[in-house]
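Q: Please take a close look at a single part of this structure. What is it made of, and what does it pack against?

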Amino acid sequence: MEQKKFTVKFAETKEELDATFALRYKDMILEYNSESQNEQKRDRNIFDDIAKQIIVINNETNEVIGCYRLIDNAFFNKSISTFTCENEFNISKIKNSGHRICELSRAVIKNEYRTGVPLILLWKFIYDYAIKNSIRFLLGDASFLGIEPSKHIHSLSYLAHHHAIEDEFEVTSLEVKPQIKLLKKEHINVDEVKSNLPPLIKAYLTFGSKFSKEYFIDRDFKSIDVFTLLDFENCNLKLLKKYLRVA
């Protein structure tokens with residue numbers, strides 16, 4: 001998929017993969033937790049062995065400026081048959097549905113390119129992949145910075161009350177500590193929610209995604225994660241197509 005300034009595709013070469021892992025390390029890992037460093041200065045784990053890396057290339061500089069990791073349950077093998085989000089959430093109801101599923105993770109766009117265009121192009125690529133491969137569910141985690149849930153109580157309560165995953169596909173957290181009590185609908189400060197929701201969660205809401213009522217505290221990553229689910233049979237597909245500018 002090409003646009004005048006950017007090209008979006010699956011990473012194909014060792015150089016593209018290395019640039020992707022370096023981008024993830026610098027613009028995601030260190031941004032959330034500056035103490036989480038390694039000698040290689042790369043973010044890579046076992047799930048990358050089966051994943052495909054979607055990348056955005058600046059055609060003028062040939063630089064990888066954005067990426068998304070995609071894991072299709074069709075990629076599972078004897079060694080890996082789980083998604084990364086299953087380290088934090090119980091998604092058995094979704095996995096047992098029998099539908100084709102893709103997990104999206106490690107979403108990164110370099111700070112100077114966070115204007116919306118690269119993210120739209122990434123999602124357009126993902127949408128095309130999902131349609132071509134009869135994917136019903138796109139799933140993953142979305143993060144709030146920090147490990148204190150009370151600082152995000154309005155946003156967490158808003159998502160749980162207004163955009164919760166249906167009971168049929170309910171997702172629960174593996175968090176061992178008790179969840180903080182959510183605010184009642186009438187006590188949610190919507191202005192605070194609008195100003196404090198992370199850009200990625202705002203984008204997911206635009207696409208019609210649903211969220212877990214429970215969160216998980218990732219202490220290594222220093223973030224509060226919520227599970228997100230886009231169901232192509234239960235979303236505003238017309239609005240999604242309009243946002244992505246597809247027919």
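A: Helices (H or I, at least four residues) and strands (E, at least two) are DSSP runs, numbered from the N terminus. The model is predicted, so local features need pLDDT of at least 70 and side-chain atom pairs pLDDT 80 or more, while totals for chains, interfaces and linings use all residues. Residues are numbered from 1 along each chain as its sequence is written, and side-chain values use heavy atoms, without hydrogens and water.

Take helix α3, residues 117-132. Its 16 residues should span 22 Å (1.5 Å times one less than the number of residues). The end C-alpha atoms lie 23 Å apart, which agrees. After α3 comes Ser134, with a positive phi near 55 degrees.

Buried residues of α3 (under 20% relative accessible area, 1.4 Å probe, protein chains only) include Leu119, Leu122, Trp123, Phe125 and Ile126. The largest nonpolar core (buried Ala, Val, Leu, Ile, Met, Phe, Trp, Tyr and Cys joined through side-chain atoms within 4.5 Å) has 68 residues. Trp123 and Phe227 have the most contacts inside it. Helix α3 gives this core its largest share, ten residues.

Beyond its neighbours within four places in sequence, Trp123 is in contact (heavy atoms within 4.5 Å) with residues including Tyr68, Leu104, Leu138 and Leu244.

Now the rings. Phe125 pairs with Phe10 (ring centres within 6.5 Å; planes over 60 degrees apart are edge-to-face). This pair is edge-to-face, 5.0 Å centre to centre, with 85 degrees between the planes. Phe10 belongs to strand β1, 115 residues from Phe125. Both Phe10 and Phe125 are buried. Trp123 and Tyr204 also pair edge-to-face, at 5.7 Å and 75 degrees. Tyr204 sits in helix α6, 81 residues from Trp123. Tyr68, Trp123, Tyr204 and Phe207 form one aromatic cluster.

Note on methods:
Buried means under 20% relative accessible area, exposed over 50%, partly exposed in between (1.4 Å probe, protein chains only). Rings of Phe, Tyr and Trp (its six-membered ring) pair if their centres lie within 6.5 Å; planes under 30 degrees apart count as stacked, over 60 as edge-to-face and the rest as tilted.
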